[in-house]
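Let's walk through this model together, beginning at the ligand and moving outward to the domains.

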Amino acid sequence: MREEEVSTQTGEVAPGVLYVVATPIGHLGDLSSRALAVLGAVDLIAAEDTRHTRALLTHFGVHKPLVSLHEHNESRQLEMLLSRLREGAAVALVSDAGTPLISDPGYGLVNAALAAGIRLSPIPGPCAGIAALSVSGLPTDRFVFEGFLPPRAAARQNRLRQLAQETRTLVFYESPRRLVDTVADMVLVLGAARSACIGRELTKRFETFYRGTLEQLQAEFAAQPEALRGECVLLVAGAAPSTLDLPAGGPEAEGVLADLVSQLPASQAARLMDRWFGGGRAHWYARAIALRGGE
Ligand code: SAM
């Protein structure tokens with residue numbers, strides 16, 4: 001363990017420090033004065049998309065050398081950035097929007113910098129998931145950030161099954177193109193009655209929040225497809241703790257089992273249930289037999 005001291009006074013940067021700087025997720029007024037001071041004082045800025053960041057910096061009258069750092073060139077750029085930091089340059093890392101590394105590039109650089117003994121300092125600011133959570137009305141004492149679900153339906157449903165018993169509030173990022181399918185999968189796997197919130201276009205002109213059960217949100221989007229434009233965060237209440245007292249998988253799993261035993265032999269239903277929800281084949285076989293009236 002090593003203690004580090006990094007100057008954090010507004011307008012000052014220390015040599016050889018990597019600053020991880022959050023930038024706006026829409027409203028430019030959300031760039032903090034400290035973030036602006038740091039971006040104006042560093043020697044070099046590593047940006048996910050240099051054109052995007054240059055436009056932001058130009059708006060604020062900041063002109064600094066920019067280098068691109070994204071998932072496809074991160075390993076190539078690391079050595080150059082580390083050697084600049086070792087030489088004493090102060091470097092800022094930014095992404096296109098919000099907090100770097102949060103569903104954004106930078107993980108490789110941060111860890112390479114740590115391994116190289118380089119000091120790091122966060123300049124905190126906007127993060128879409130946290131902003132949406134703060135007004136969602138869902139429990140905030142414990143939550144899980146899940147980022148993007150897999151784009152393909154089978155993998156997405158599988159991931160949702162793994163999350164079905166999670167009692168903490170679930171925070172997802174989602175593309176508007178997939179939102180309808182994702183909400184439909186959530187109704188299927190997590191159950192129609194879960195409370196949820198969708199935050200769209202946060203901090204922007206058309207900022208909108210949709211709150212209700214997953215089923216209500218599904219109906220709302222079917223009725224107004226224009227709601228499907230823009231960026232969005234999808235938050236879903238965790239499983240009610242009481243469902244964990246029920247057999248493995250909770251009431252949603254029992255519903256799935258009921259469907260399966262109406263069409264398949266109990267042994268096959270048990271095998272599928274164990275694969276999807278865990279809990280063991282023997283457990284599901286006994287439940288299947290019980291559902292059939294103990295034949
Ligand atoms: N690093 C960012 C952060 O701190 O929130 C997230 C970057 S991730 C590539 C982009 C996703 O974040 C979008 O697809 C959307 O799910 C969410 N997002 C970003 N800005 C948003 C906004 N203004 N309103 C709603 N969601 C937003």
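Around the ligand there are 19 residues, counting a residue when one of its heavy atoms lies within 4 Å. The closest are Ile102, Asp104, Ala128, Tyr173 and Cys232. Before going further, note that this is a predicted model, in which local features need pLDDT of at least 70, side-chain atom pairs count only at pLDDT 80 or more, and totals for chains, interfaces and linings use all residues. Residues are numbered from 1 along each chain as its sequence is written, and side-chain values use heavy atoms, with hydrogens and water left out.

The shell around the ligand divides into 10 nonpolar, 4 polar and 5 charged residues (Ala, Val, Leu, Ile, Met, Phe, Trp, Tyr, Cys and Pro count as nonpolar, Asp, Glu, Lys and Arg as charged, and the others, Gly among them, as polar). Strand E7 (169–174) and strand E10 (232–236) each supply at least two residues of this shell; strands are DSSP runs of at least two residues, numbered from the N terminus.

Now look at the backbone. A backbone N or O atom of Cys232 sits 2.6 Å from a ligand oxygen atom, and one of Ile25 is 2.9 Å from a ligand nitrogen atom.

Where does the ligand lie relative to the domains? Domain 1 (17–126) and domain 2 (129–241) both contribute shell residues, so the ligand lies between them. The domain assignment, automatic or from a database, also gives domain 3 (245–291). The C-alpha centres of domain 2 and domain 3 are 27 Å apart.

Note on methods:
Polar contact = N/O pair within 3.5 Å; in protein donor to acceptor, adjacent residues only side chain to side chain. Helix = DSSP H or I, 4+ residues; strand = E, 2+ residues; numbered from the N terminus.
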